[in-house]
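Colleague: I'd like to go through the charged pairs with you. Could you show me the model and take me through the reasoning?

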Amino acid sequence: TAEQHTLADDLQRLIETANAPIFGVDINSRVTEWNRMAAHLSGYSKDETMGRCLVEEFITADYRDKVAEVLARACKGIETANFEFPLVTRSGTRVEVLLNATPH
């Protein structure tokens, strides 16, 4: 319906303009959403990240198992709040990110 389309557009605009990094992944940890702030912090554009594996390509090796577990739990409907992990930027530096994983 038109109302659902408007709501989806509003939600997409909210995600894109948020002052916090927001990313989404599918059940295989492939990036499905990457907002403006995630791009700013990481140095990777949305186009560069879409479809790539978040855990294998953007998370430091020492946190991959932990992040994969949090994302798997979210896919099963189990929320995780305030989980801190390092995101690897284009330049190879680590940026600490606070993850709140919620089921879609």
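Modeller: Happily! Let's start with a cut-off: a residue is buried under 20% relative accessible area, exposed over 50%, and partly exposed in between. Keep in mind that this is a predicted model.

Colleague: Thanks! What makes R90 partly exposed?

Modeller: R90 has a relative accessible area of 44%. Partly exposed is the class between 20% and 50%, so R90 belongs there.

Colleague: And why is the contact of R90 with E48 called a salt bridge?

Modeller: The term asks for a side-chain nitrogen of Lys or Arg within 4 Å of a carboxyl oxygen of Asp or Glu. For R90 and E48 the N to O distance is 2.3 Å, so the pair qualifies. R90 sits in the loop between strand 3 and strand 4, and E48 in helix 3, so this contact ties together parts 42 residues apart in sequence.

Colleague: Why is E33 called buried, while K46 is not?

Modeller: E33 has a relative accessible area of 12%, and the limit for buried is under 20%, so E33 is buried. K46 comes to 27%, so K46 counts as partly exposed. These two form a salt bridge as well, with their closest N and O atoms 3.2 Å apart. The pair links strand 2, home of E33, to helix 3, where K46 lies.

Colleague: How do you know that R94 and D62 form a salt bridge?

Modeller: Their closest N and O atoms are 3.8 Å apart, and the cut-off is within 4 Å, so the pair counts. R94 is in strand 4, and D62 is in the loop between helix 4 and helix 5.

Terms used
Residues are numbered from 1 along each chain as its sequence is written. This is a predicted model: local features need pLDDT of at least 70, side-chain atom pairs count only at pLDDT 80 or more; totals for chains, interfaces and linings use all residues. Side-chain values use heavy atoms; hydrogens and water are left out. Helices (H or I, at least four residues) and strands (E, at least two) are DSSP runs, numbered from the N terminus. Buried means under 20% relative accessible area, exposed over 50%, partly exposed in between (1.4 Å probe, protein chains only).
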